[in-house]
Amino acid sequence: MMKFDSSHGKLQENILDYQEKVSAIHKMIHEKTGAGNDYLGWVDWATTYDKEEFNRILEAAKRLKEKAEVILVCGIGGSYLGARAAAEMIQGLYPQSEHELIYVGNTFSSTYLKQVLDYVKDKSVVLNVISKSGTTTETALAFRILKQFMEEKYGKEEARARILATTDKARGSLKALADAEGYETFVIPDDIGGRYSVITPVGLLPLALAGVDIQKIMDGYCQASEELNTDDLEKNPAYQYGVTRRILQNQGYDVEMFVTYEMQLRTLAEWWKQLMGESEGKEDKGILPASVNFSTDLHSMGQFIQEGKKVLFETILTVDKPSEDIIIPSDEENLDKMNYLAGKNLDWVNKMACEGTLAAHEEVGGVPNILIHVEDMKEFSFGYLCYWFFIATAMTCYLLEINPFNQPGVEVYKKNMFKLLGKPE
Ligand code: PA5
(Lines give C-alpha, C1' and ligand atoms only; values in the text may rest on other atoms or scores of the structure.)
Protein backbone atom coordinates (compact mmCIF):
# COMPACT_ATOMS: atom_id res chain seq x y z
CA MET A 1 0.00 0.00 0.00
CA MET A 2 2.73 2.48 0.94
CA LYS A 3 6.34 2.47 -0.16
CA PHE A 4 9.41 4.25 1.14
CA ASP A 5 12.37 5.31 -0.98
CA SER A 6 15.55 6.74 0.54
CA SER A 7 17.66 6.45 -2.60
CA HIS A 8 17.71 10.25 -3.04
CA GLY A 9 18.39 10.84 0.66
CA LYS A 10 22.19 11.25 0.57
CA LEU A 11 22.36 9.06 3.68
CA GLN A 12 25.79 8.69 5.25
CA GLU A 13 24.74 5.76 7.42
CA ASN A 14 23.16 2.45 6.51
CA ILE A 15 19.53 2.19 7.65
CA LEU A 16 19.99 -1.50 8.43
CA ASP A 17 22.72 -0.71 10.97
CA TYR A 18 19.84 0.38 13.25
CA GLN A 19 18.26 -3.09 13.25
CA GLU A 20 19.16 -3.95 16.83
CA LYS A 21 17.82 -0.65 18.22
CA VAL A 22 14.69 -0.92 16.11
CA SER A 23 13.99 -4.47 17.32
CA ALA A 24 14.30 -3.37 20.95
CA ILE A 25 11.96 -0.40 20.39
CA HIS A 26 9.47 -2.51 18.42
CA LYS A 27 9.26 -4.84 21.41
CA MET A 28 8.91 -1.87 23.76
CA ILE A 29 6.01 -0.46 21.71
CA HIS A 30 4.13 -3.74 21.42
CA GLU A 31 4.74 -4.78 25.02
CA LYS A 32 3.91 -1.22 26.13
CA THR A 33 6.95 -0.76 28.32
CA GLY A 34 8.37 2.56 27.07
CA ALA A 35 7.82 6.17 28.18
CA GLY A 36 4.19 7.21 27.72
CA ASN A 37 3.13 3.56 27.59
CA ASP A 38 -0.39 4.31 28.79
CA TYR A 39 -1.03 6.13 25.48
CA LEU A 40 -0.41 3.18 23.20
CA GLY A 41 -4.07 2.26 22.72
CA TRP A 42 -3.77 2.98 18.97
CA VAL A 43 -1.29 0.08 18.48
CA ASP A 44 -3.92 -2.67 18.72
CA TRP A 45 -6.93 -0.42 18.06
CA ALA A 46 -7.67 -2.26 14.79
CA THR A 47 -8.84 -5.23 16.85
CA THR A 48 -9.83 -3.64 20.15
CA TYR A 49 -12.00 -0.73 19.00
CA ASP A 50 -15.52 -0.68 20.38
CA LYS A 51 -17.73 -2.12 17.60
CA GLU A 52 -20.93 -1.10 19.39
CA GLU A 53 -19.81 2.49 19.52
CA PHE A 54 -18.72 2.27 15.89
CA ASN A 55 -22.25 1.20 14.97
CA ARG A 56 -23.66 4.04 17.07
CA ILE A 57 -21.57 6.45 14.96
CA LEU A 58 -23.07 4.97 11.78
CA GLU A 59 -26.58 5.20 13.25
CA ALA A 60 -26.12 8.82 14.33
CA ALA A 61 -24.83 9.71 10.87
CA LYS A 62 -27.80 8.00 9.22
CA ARG A 63 -30.28 9.66 11.57
CA LEU A 64 -28.84 13.15 11.23
CA LYS A 65 -28.11 13.02 7.51
CA GLU A 66 -31.06 15.05 6.31
CA LYS A 67 -30.56 17.56 9.13
CA ALA A 68 -26.89 18.04 8.32
CA GLU A 69 -26.55 20.52 5.49
CA VAL A 70 -23.67 21.94 7.52
CA ILE A 71 -21.74 19.98 10.13
CA LEU A 72 -19.95 22.24 12.58
CA VAL A 73 -16.95 20.43 13.99
CA CYS A 74 -15.90 22.16 17.20
CA GLY A 75 -12.42 21.14 18.38
CA ILE A 76 -8.73 22.01 18.24
CA GLY A 77 -5.38 20.23 17.70
CA GLY A 78 -5.80 16.48 17.77
CA SER A 79 -9.53 16.94 18.25
CA TYR A 80 -9.83 18.60 14.84
CA LEU A 81 -6.91 18.20 12.43
CA GLY A 82 -7.36 14.50 11.68
CA ALA A 83 -11.00 14.77 10.61
CA ARG A 84 -10.21 17.74 8.40
CA ALA A 85 -7.14 16.06 6.89
CA ALA A 86 -9.16 12.95 6.10
CA ALA A 87 -12.23 14.74 4.76
CA GLU A 88 -10.14 16.89 2.41
CA MET A 89 -7.91 14.03 1.28
CA ILE A 90 -10.85 11.73 0.57
CA GLN A 91 -13.52 14.14 -0.69
CA GLY A 92 -11.37 16.93 -2.15
CA LEU A 93 -11.77 20.64 -1.44
CA TYR A 94 -15.01 21.18 -3.35
CA PRO A 95 -16.91 17.92 -2.90
CA GLN A 96 -20.28 17.38 -4.54
CA SER A 97 -21.62 16.52 -1.12
CA GLU A 98 -24.82 17.66 0.55
CA HIS A 99 -22.94 17.86 3.82
CA GLU A 100 -20.46 20.66 4.30
CA LEU A 101 -17.94 20.43 7.13
CA ILE A 102 -17.00 23.69 8.85
CA TYR A 103 -14.37 23.76 11.58
CA VAL A 104 -14.80 25.93 14.66
CA GLY A 105 -13.46 25.97 18.22
CA ASN A 106 -9.89 26.02 16.87
CA THR A 107 -9.27 29.77 17.21
CA PHE A 108 -10.16 32.80 19.33
CA SER A 109 -10.71 34.86 16.16
CA SER A 110 -14.01 36.69 16.66
CA THR A 111 -14.27 37.58 12.96
CA TYR A 112 -13.93 33.94 11.94
CA LEU A 113 -16.61 32.68 14.31
CA LYS A 114 -19.01 35.53 13.53
CA GLN A 115 -18.65 34.91 9.80
CA VAL A 116 -19.33 31.20 10.29
CA LEU A 117 -22.45 32.01 12.31
CA ASP A 118 -23.66 34.38 9.57
CA TYR A 119 -22.89 31.79 6.89
CA VAL A 120 -24.88 29.00 8.59
CA LYS A 121 -27.79 31.00 10.00
CA ASP A 122 -30.21 29.93 7.25
CA LYS A 123 -28.77 26.44 6.78
CA SER A 124 -29.61 23.18 8.49
CA VAL A 125 -26.93 22.59 11.10
CA VAL A 126 -25.60 19.68 13.16
CA LEU A 127 -22.92 20.37 15.76
CA ASN A 128 -20.24 17.95 16.97
CA VAL A 129 -18.20 19.25 19.89
CA ILE A 130 -14.98 17.33 20.50
CA SER A 131 -12.62 17.66 23.46
CA LYS A 132 -10.85 14.90 25.35
CA SER A 133 -10.04 17.01 28.38
CA GLY A 134 -13.36 18.81 28.08
CA THR A 135 -11.66 21.96 29.30
CA THR A 136 -9.86 23.42 26.26
CA THR A 137 -10.64 27.13 26.22
CA GLU A 138 -10.86 27.68 22.42
CA THR A 139 -13.33 24.82 22.09
CA ALA A 140 -15.33 25.50 25.26
CA LEU A 141 -15.79 29.19 24.42
CA ALA A 142 -16.86 28.52 20.85
CA PHE A 143 -19.22 25.81 22.07
CA ARG A 144 -20.85 28.15 24.56
CA ILE A 145 -21.58 30.60 21.72
CA LEU A 146 -22.70 27.86 19.32
CA LYS A 147 -24.92 26.16 21.88
CA GLN A 148 -26.76 29.43 22.38
CA PHE A 149 -26.98 29.89 18.60
CA MET A 150 -28.44 26.38 18.17
CA GLU A 151 -30.96 26.86 20.97
CA GLU A 152 -32.12 30.19 19.55
CA LYS A 153 -32.33 28.73 16.05
CA TYR A 154 -34.06 25.44 16.91
CA GLY A 155 -35.33 25.64 20.49
CA LYS A 156 -33.87 23.59 23.33
CA GLU A 157 -35.35 20.20 22.33
CA GLU A 158 -34.34 20.19 18.68
CA ALA A 159 -30.93 21.70 19.49
CA ARG A 160 -30.36 18.77 21.86
CA ALA A 161 -31.05 16.32 19.02
CA ARG A 162 -28.60 18.13 16.75
CA ILE A 163 -25.68 18.35 19.18
CA LEU A 164 -23.28 15.44 19.63
CA ALA A 165 -20.44 15.47 22.16
CA THR A 166 -17.20 13.49 21.83
CA THR A 167 -15.22 13.46 25.06
CA ASP A 168 -13.80 11.43 27.93
CA LYS A 169 -16.06 8.68 29.25
CA ALA A 170 -16.30 10.24 32.71
CA ARG A 171 -14.08 13.29 33.29
CA GLY A 172 -14.17 16.95 32.33
CA SER A 173 -16.66 19.80 32.08
CA LEU A 174 -17.85 18.80 28.61
CA LYS A 175 -18.91 15.37 29.84
CA ALA A 176 -20.78 16.95 32.78
CA LEU A 177 -22.44 19.49 30.48
CA ALA A 178 -23.39 16.86 27.88
CA ASP A 179 -24.94 14.64 30.56
CA ALA A 180 -26.86 17.54 32.09
CA GLU A 181 -28.19 18.61 28.66
CA GLY A 182 -28.87 15.04 27.48
CA TYR A 183 -26.62 15.11 24.40
CA GLU A 184 -25.63 11.85 22.79
CA THR A 185 -21.97 11.30 23.71
CA PHE A 186 -19.12 9.37 22.11
CA VAL A 187 -16.04 8.25 23.99
CA ILE A 188 -12.40 9.17 23.41
CA PRO A 189 -10.42 6.27 24.87
CA ASP A 190 -8.15 7.04 27.85
CA ASP A 191 -5.15 5.42 26.20
CA ILE A 192 -5.20 7.33 22.89
CA GLY A 193 -3.87 10.89 22.83
CA GLY A 194 -5.30 13.70 20.69
CA ARG A 195 -2.95 13.52 17.71
CA TYR A 196 -3.36 9.74 17.49
CA SER A 197 -7.16 9.87 17.77
CA VAL A 198 -8.52 10.34 14.24
CA ILE A 199 -9.38 6.62 14.10
CA THR A 200 -11.62 6.97 17.19
CA PRO A 201 -14.99 8.81 17.33
CA VAL A 202 -12.94 12.05 17.28
CA GLY A 203 -12.41 11.65 13.54
CA LEU A 204 -14.89 8.95 12.60
CA LEU A 205 -18.07 10.74 13.73
CA PRO A 206 -17.63 13.96 11.71
CA LEU A 207 -16.38 11.92 8.76
CA ALA A 208 -19.41 9.62 8.87
CA LEU A 209 -21.69 12.67 9.10
CA ALA A 210 -19.98 14.03 5.98
CA GLY A 211 -20.66 10.79 4.10
CA VAL A 212 -17.18 9.24 4.26
CA ASP A 213 -17.03 5.41 4.40
CA ILE A 214 -15.46 4.99 7.84
CA GLN A 215 -15.45 1.19 7.63
CA LYS A 216 -12.94 1.45 4.80
CA ILE A 217 -10.77 3.75 6.95
CA MET A 218 -10.74 1.11 9.66
CA ASP A 219 -10.01 -1.63 7.10
CA GLY A 220 -6.95 0.31 5.92
CA TYR A 221 -5.86 0.91 9.50
CA CYS A 222 -6.25 -2.79 10.24
CA GLN A 223 -4.21 -3.88 7.21
CA ALA A 224 -1.38 -1.50 8.12
CA SER A 225 -1.40 -2.73 11.75
CA GLU A 226 -0.87 -6.27 10.45
CA GLU A 227 1.65 -5.52 7.71
CA LEU A 228 3.79 -3.22 9.84
CA ASN A 229 3.84 -5.52 12.84
CA THR A 230 7.40 -6.61 12.10
CA ASP A 231 10.68 -5.42 13.53
CA ASP A 232 12.50 -6.48 10.34
CA LEU A 233 13.76 -3.16 9.01
CA GLU A 234 13.98 -4.50 5.47
CA LYS A 235 10.24 -5.23 5.56
CA ASN A 236 8.97 -2.25 7.51
CA PRO A 237 8.94 1.00 5.46
CA ALA A 238 7.51 3.02 8.34
CA TYR A 239 10.47 2.09 10.54
CA GLN A 240 12.83 2.84 7.62
CA TYR A 241 11.33 6.33 7.51
CA GLY A 242 11.72 6.75 11.28
CA VAL A 243 15.38 5.70 11.12
CA THR A 244 16.08 7.86 8.05
CA ARG A 245 14.89 10.95 9.94
CA ARG A 246 17.40 10.20 12.68
CA ILE A 247 20.24 9.63 10.19
CA LEU A 248 19.49 12.91 8.43
CA GLN A 249 19.37 14.79 11.71
CA ASN A 250 22.74 13.25 12.61
CA GLN A 251 23.99 14.77 9.33
CA GLY A 252 22.89 18.21 10.57
CA TYR A 253 19.45 18.57 9.02
CA ASP A 254 17.13 20.02 11.66
CA VAL A 255 14.18 20.80 9.38
CA GLU A 256 11.96 18.33 7.53
CA MET A 257 9.96 19.81 4.66
CA PHE A 258 6.89 17.69 3.95
CA VAL A 259 6.07 18.05 0.27
CA THR A 260 2.73 17.32 -1.37
CA TYR A 261 1.60 17.84 -4.95
CA GLU A 262 -2.16 17.75 -4.28
CA MET A 263 -4.12 20.73 -2.94
CA GLN A 264 -6.36 18.35 -0.98
CA LEU A 265 -3.36 17.14 1.03
CA ARG A 266 -2.59 20.52 2.59
CA THR A 267 -4.39 19.74 5.83
CA LEU A 268 -2.86 16.29 5.88
CA ALA A 269 0.48 18.13 6.01
CA GLU A 270 -0.83 20.17 8.97
CA TRP A 271 -1.89 16.94 10.69
CA TRP A 272 1.56 15.43 10.04
CA LYS A 273 3.19 18.60 11.43
CA GLN A 274 1.20 18.28 14.64
CA LEU A 275 1.96 14.56 14.91
CA MET A 276 5.69 15.06 14.46
CA GLY A 277 6.05 18.45 16.17
CA GLU A 278 4.08 17.67 19.34
CA SER A 279 5.49 14.17 19.63
CA GLU A 280 9.14 14.97 19.09
CA GLY A 281 9.77 18.63 19.89
CA LYS A 282 10.81 18.48 23.54
CA GLU A 283 13.88 18.45 25.79
CA ASP A 284 15.64 20.74 23.24
CA LYS A 285 15.48 17.93 20.69
CA GLY A 286 13.60 17.09 17.51
CA ILE A 287 13.32 18.00 13.85
CA LEU A 288 11.23 21.07 12.98
CA PRO A 289 8.36 19.87 10.78
CA ALA A 290 7.45 22.25 7.95
CA SER A 291 5.43 21.83 4.77
CA VAL A 292 4.97 23.06 1.23
CA ASN A 293 2.44 22.30 -1.48
CA PHE A 294 3.98 22.08 -4.95
CA SER A 295 3.93 23.29 -7.58
CA THR A 296 2.19 26.29 -5.93
CA ASP A 297 4.99 26.86 -3.42
CA LEU A 298 7.74 26.31 -6.00
CA HIS A 299 6.91 29.90 -6.86
CA SER A 300 7.67 31.00 -3.29
CA MET A 301 9.49 28.61 -0.94
CA GLY A 302 11.04 26.82 -3.93
CA GLN A 303 13.73 29.49 -4.07
CA PHE A 304 14.85 28.83 -0.49
CA ILE A 305 14.82 25.09 -0.92
CA GLN A 306 16.87 25.30 -4.10
CA GLU A 307 19.47 27.84 -3.02
CA GLY A 308 18.95 28.82 0.62
CA LYS A 309 20.82 27.69 3.75
CA LYS A 310 21.19 23.91 3.80
CA VAL A 311 19.13 23.25 6.91
CA LEU A 312 16.45 20.99 5.51
CA PHE A 313 15.63 17.73 3.84
CA GLU A 314 12.44 17.06 1.90
CA THR A 315 9.95 14.23 2.42
CA ILE A 316 7.76 13.93 -0.65
CA LEU A 317 4.39 12.24 -0.30
CA THR A 318 3.53 11.07 -3.81
CA VAL A 319 0.13 9.78 -4.89
CA ASP A 320 0.06 7.16 -7.65
CA LYS A 321 -3.55 7.71 -8.77
CA PRO A 322 -5.23 11.12 -8.55
CA SER A 323 -8.93 11.20 -7.59
CA GLU A 324 -9.75 13.03 -10.85
CA ASP A 325 -7.90 13.76 -14.06
CA ILE A 326 -8.33 16.08 -17.05
CA ILE A 327 -7.09 15.69 -20.63
CA ILE A 328 -5.49 18.87 -21.93
CA PRO A 329 -7.45 20.08 -24.98
CA SER A 330 -5.88 21.08 -28.26
CA ASP A 331 -6.39 24.62 -29.57
CA GLU A 332 -6.30 25.43 -33.26
CA GLU A 333 -4.76 28.86 -32.82
CA ASN A 334 -2.30 27.79 -30.11
CA LEU A 335 -1.73 31.39 -29.04
CA ASP A 336 -0.69 30.24 -25.56
CA LYS A 337 1.83 27.79 -27.16
CA MET A 338 0.50 24.95 -25.04
CA ASN A 339 -0.36 22.57 -27.88
CA TYR A 340 2.75 20.52 -27.17
CA LEU A 341 0.83 19.21 -24.16
CA ALA A 342 -2.50 18.64 -25.94
CA GLY A 343 -3.87 15.17 -25.35
CA LYS A 344 -1.78 14.63 -22.22
CA ASN A 345 -3.29 14.22 -18.76
CA LEU A 346 -2.91 17.10 -16.29
CA ASP A 347 -1.81 14.59 -13.63
CA TRP A 348 1.04 13.48 -15.92
CA VAL A 349 2.23 17.11 -16.00
CA ASN A 350 2.05 17.19 -12.19
CA LYS A 351 4.17 14.03 -12.02
CA MET A 352 6.74 15.46 -14.43
CA ALA A 353 6.91 18.59 -12.25
CA CYS A 354 7.61 16.32 -9.28
CA GLU A 355 10.34 14.42 -11.12
CA GLY A 356 11.98 17.59 -12.43
CA THR A 357 11.86 19.28 -9.03
CA LEU A 358 13.31 16.27 -7.26
CA ALA A 359 16.30 16.30 -9.61
CA ALA A 360 16.71 20.08 -9.29
CA HIS A 361 16.63 20.03 -5.49
CA GLU A 362 18.71 16.89 -5.05
CA GLU A 363 21.30 17.20 -7.81
CA VAL A 364 21.68 20.95 -8.22
CA GLY A 365 20.56 22.14 -4.78
CA GLY A 366 22.20 19.33 -2.80
CA VAL A 367 19.04 18.81 -0.73
CA PRO A 368 18.39 15.25 0.51
CA ASN A 369 15.00 13.94 -0.63
CA ILE A 370 13.10 10.96 0.69
CA LEU A 371 9.89 9.66 -0.83
CA ILE A 372 6.75 8.08 0.58
CA HIS A 373 4.38 6.63 -2.01
CA VAL A 374 0.69 6.21 -1.37
CA GLU A 375 -1.61 4.51 -3.89
CA ASP A 376 -4.52 6.96 -3.91
CA MET A 377 -6.44 9.39 -1.72
CA LYS A 378 -9.34 7.11 -0.78
CA GLU A 379 -10.61 5.99 2.61
CA PHE A 380 -8.57 2.78 2.79
CA SER A 381 -5.35 4.63 2.01
CA PHE A 382 -6.07 7.24 4.65
CA GLY A 383 -6.61 4.54 7.30
CA TYR A 384 -3.43 2.77 6.21
CA LEU A 385 -1.44 5.99 6.23
CA CYS A 386 -2.57 6.79 9.79
CA TYR A 387 -1.09 3.66 11.30
CA TRP A 388 2.00 4.04 9.08
CA PHE A 389 2.73 7.52 10.42
CA PHE A 390 1.77 6.67 14.02
CA ILE A 391 4.21 3.76 14.23
CA ALA A 392 6.90 5.74 12.37
CA THR A 393 6.48 8.60 14.87
CA ALA A 394 6.73 6.27 17.87
CA MET A 395 9.88 4.69 16.40
CA THR A 396 11.59 7.95 15.50
CA CYS A 397 10.83 9.51 18.93
CA TYR A 398 12.00 6.48 20.88
CA LEU A 399 15.21 6.44 18.84
CA LEU A 400 15.71 9.98 20.14
CA GLU A 401 14.79 8.85 23.68
CA ILE A 402 11.74 11.11 23.72
CA ASN A 403 8.28 10.28 25.06
CA PRO A 404 6.13 10.55 21.89
CA PHE A 405 2.83 10.88 23.74
CA ASN A 406 2.99 13.88 26.05
CA GLN A 407 3.04 17.61 25.26
CA PRO A 408 4.16 19.44 28.43
CA GLY A 409 5.23 22.51 26.43
CA VAL A 410 1.71 23.47 25.35
CA GLU A 411 0.75 24.25 28.95
CA VAL A 412 3.04 27.27 29.21
CA TYR A 413 1.01 29.65 27.02
CA LYS A 414 -2.17 28.55 28.76
CA LYS A 415 -0.80 29.49 32.18
CA ASN A 416 0.07 33.00 30.99
CA MET A 417 -3.20 33.44 29.13
CA PHE A 418 -5.30 32.29 32.10
CA LYS A 419 -3.50 34.81 34.31
CA LEU A 420 -4.27 37.61 31.86
CA LEU A 421 -7.88 36.44 31.50
CA GLY A 422 -8.30 36.39 35.29
CA LYS A 423 -9.28 32.71 35.39
CA PRO A 424 -10.02 31.63 38.98
CA GLU A 425 -7.52 29.08 40.38
O1 PA5 B 1 -2.58 16.11 20.54
C2 PA5 B 1 -3.06 16.62 21.54
O3 PA5 B 1 -3.15 15.98 22.61
C4 PA5 B 1 -3.60 18.04 21.53
O5 PA5 B 1 -3.39 18.63 20.30
C6 PA5 B 1 -5.08 18.06 21.86
O7 PA5 B 1 -5.76 17.24 20.95
C8 PA5 B 1 -5.65 19.48 21.85
O9 PA5 B 1 -4.95 20.29 22.73
C10 PA5 B 1 -7.13 19.47 22.19
O11 PA5 B 1 -7.34 18.90 23.44
P12 PA5 B 1 -8.77 18.46 23.93
O13 PA5 B 1 -9.26 17.36 23.05
O14 PA5 B 1 -8.56 18.02 25.33
O15 PA5 B 1 -9.67 19.67 23.84
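Good morning. I begin with one residue: arginine 195 is buried, with a relative accessible area of 4%. The structure I am presenting is a predicted model, and this arginine will lead us to the way its two domains meet.

Which residue pairs with arginine 195 in a salt bridge? The partner is glutamate 278, and the closest N and O atoms of the two are 3.2 Å apart. Arginine 195 sits in the loop between β6 (184–187) and α9 (201–209), while glutamate 278 belongs to helix α12 (residues 266–280), so the salt bridge ties together parts that are 83 residues apart in sequence. Unlike the buried arginine, glutamate 278 is partly exposed, its relative accessible area being 23%.

Let me now place this pair in the wider architecture. The domain assignment divides the protein into domain 1, made of 2–33 + 220–399, and domain 2, covering 45–212. The C-alpha centres of these two domains lie 30 Å apart. How many salt bridges does the rule find across the interface of domain 1 and domain 2? It finds one. Glutamate 278 lies in domain 1 and arginine 195 in domain 2, and these two residues form a salt bridge. Polar contacts can also be counted here: five residue pairs are in polar contact between domain 1 and domain 2, both residues having pLDDT 80 or more.

On the side of domain 1 that touches domain 2, the elements giving two or more residues are α10 (214–227), α12 and α15 (379–399). Helix α12 supplies the largest share of that side, with eight residues. By residue type, the same side of domain 1 divides into twelve nonpolar, seven polar and six charged residues.

The extent of the interface can be described in two ways. In terms of residues, 25 from domain 1 are in contact with 19 from domain 2. In terms of surface, about 2,000 Å² is buried between the two domains, and carbon and sulfur atoms give 70% of that area. Within domain 1, the residues that lose the most area to domain 2 are Gln264, Thr267 and Phe382, which together account for 28% of what that side buries.

I turn next to salt bridges elsewhere. In general, side chains of opposite charge can pair when their charged atoms come close. A search of the whole structure finds 28 salt bridges, and I have selected two further pairs.

The first joins aspartate 44 to lysine 32, with the closest N and O atoms 3.5 Å apart. Both residues are in the loop between α1 (19–30) and α2 (45–48), twelve residues apart. Are these two residues buried or partly exposed? Aspartate 44 is partly exposed, at a relative accessible area of 33%, and lysine 32 is partly exposed as well, at 27%.

The second pair is formed by glutamate 256 and arginine 245, whose closest N and O atoms are 2.7 Å apart. Glutamate 256 lies in strand β7 (residues 255–260) and arginine 245 in helix α11 (residues 237–250), eleven residues apart. Here glutamate 256 is buried, with a relative accessible area of 0%, and arginine 245 likewise counts as buried at 0%.

Finally, some salt bridges share partners: Glu53, Arg56, Arg63 and Glu184 are joined into one network in this way.

To close, I return to the opening residue. Arginine 195 is buried, and its salt bridge with glutamate 278 connects the loop between β6 and α9 to helix α12. Thank you.

Key:
Residues numbered from 1 in each chain as written. Heavy atoms only, no water. Salt bridge = Lys/Arg side-chain N within 4 Å of Asp/Glu carboxyl O. Helix = DSSP H or I, 4+ residues; strand = E, 2+ residues; numbered from the N terminus. Buried < 20%, exposed > 50% of the residue type's maximum accessible area, 1.4 Å probe, protein only. Domains from an automatic or database assignment. Contact = heavy atoms within 4.5 Å. Buried area = accessible area lost by both parts, 1.4 Å probe. Polar contact = N/O pair within 3.5 Å; in protein donor to acceptor, adjacent residues only side chain to side chain. Nonpolar A, V, L, I, M, F, W, Y, C, P; charged D, E, K, R; others polar.
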